[in-house]
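Could you walk me through one sheet in this structure and the helices that go with it? A short briefing would be welcome.

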Amino acid sequence: MHTFDSLLAQITPSAGPTRDITDPATSEVVGQAPIHTVADLDAAVKRAASAQSDWAALGHSTRSELMLAAADAIDASAEALAQLLTREQGKPLNGPNARFEVGGASGWLRAAASTPLDTQTVIDDGESHAVLHYRPIGVVGAIGPWNWPMMISVWQIAPALRMGNTVVVKPSEYTPLSVLALVTVMNEVLPGGVLQVVTGDRDVGARLSSHPDIDKVMFTGSTATGKAIIRSSADTVKRLTLELGGNDAGIVLPDVDPAAIAQDLFWGAFINTGQTCAAMKRLYVHDSVYDAVVDELAAVAASMPMGIGTDENNVLGPLQNKAQFDIVSRLVEEARASGARVVMGGNPDADGPGYFYPTTLVADVDNDNALVQEEQFGPALPIIRYSDVGEAIAMANGLDVGLGASVWSSDRDAAREVAAQVEAGTVWINSHGGVHPMIPFGGVKQSGYGLEFGVEGLKALGVPQVING
């Protein structure tokens, strides 16, 4: 079991170049991250390739036992990991934030270790006999984001390890310490070379996606970066799983009870202070309940404390970096200038420490406004009126992304009928953004391709092989 200080000391480099990582809530230095190079990546890939055949040879049962032990190691150091995550990423300890994320990391590791994946007899009719197996791919390159650095890393690592692959992780430059710490704890149990981290810059990421000895890349992040990975992976025909930009829509039907759905609407939009790919980024509300929904949502939002993540009372934190703060600020101000009504929020304290942007609701905003059309990825929700459900569906489907969406109604059957017409990989009913380790998750359109979680997620980390005869 680690304390915060012992864990930080263990991941602090003893030699080589480093850079300071600062707390987005206070601007204080949290620790130093190594500056790895392309040569470091090449060496890590070589070690991973060397370790892969022995790891695969252990078989599903032994690999699963080791993964379960790694999950136990995460739980034993959960508080130290959560403290580090809070200080580096900014999210508070409580609410659906840092402690929740660390618990999700061990939980998803256990789920991947425990999910059965049987061979499938495709045909056995007395004349033909064919069985479908899934073999290891080889070395997997995992490129993670800064918003959920630990949990999303595990979403990539866990199925890869379970299927007999080795993994080289490249975390975001904004949140390398969290991933270094997570892998350090897991590697107290796992064999050497099976799981490694390289904390480099964009050159390292570019090399990873084109590396001849990386057999699959898993990436969660922006659509633009995903497209670059597709291009750079083409020469080696790498397998890819891409979870890209969202801009998820929520559609509120006229039969709702606004007070009953307000809290779930809030967390659907503002989980992790809005910094979640599958958070609700635009809300379409029927005219007959529009004002009531806005009022009830504002009342819930006003009750949610925002501040430094180590304060046990807070459930909302800062934006993780200045670039994201500037995006949110720009979009809200452009909406205000266009005549939209800022119900609450806006006007961040420019003189205070940290990248805090207040919880912001923007009403009476046109669907073609930039705050609606662009993914804000922060605590600012545009709320758009509609009078016809077909119009709302058309607006929800009008963008080139489709990660998630939601429909809100007191009539679940009616909600499902609307959901079936929405172009998104997942459509939730009366909730938004919840994921489960056994329910496949992935996007459509330019939100990426490939499925994660459950049996389908395991299959995505294997090479299908049919033995026919």
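Here is a friendly tour of the sheet, strand by strand.

This is a predicted model, in which local features need pLDDT of at least 70, side-chain atom pairs count only at pLDDT 80 or more, and totals for chains, interfaces and linings use all residues. Residues are numbered from 1 along each chain as its sequence is written, and side-chain values use heavy atoms, leaving out hydrogens and water.

**The sheet**
- Seven strands make an open, mixed sheet ordered 12-13-14-11-10-16-17; strands (E, at least two residues) and helices (H or I, at least four) are DSSP runs numbered from the N terminus, and two strands pair if DSSP finds at least two bridges between them.
- Strand 12 (341–344) and strand 17 (426–429) are the edges, each pairing on one side only.

**Around strand 16**
- Strand 16 (residues 404–408) runs parallel to strand 17, joined by four bridges, and A405 has V427 as its bridge partner there.
- Four bridges also link strand 10 to strand 16, again in parallel, with A249 partnered by A405.
- Five of the five residues of strand 16 are buried (under 20% relative accessible area, 1.4 Å probe, protein chains only), so strand 16 is largely enclosed by the rest of the structure.
- G404, S406 and W408 point one way, while A405 and V407 point the other way.

**Helices on the sheet**
- Helix 11 (residues 290–302) packs on the sheet, with contacts (heavy atoms within 4.5 Å) to strands including strand 10 (248–252) and strand 14 (380–386).
- Helix 14 (residues 389–396) lies across strand 10, strand 11 and strand 14.

Methods:
Axes fitted to C-alpha atoms, helices over the stretch in contact; angles between N-to-C directions. Buried < 20%, exposed > 50% of the residue type's maximum accessible area, 1.4 Å probe, protein only.
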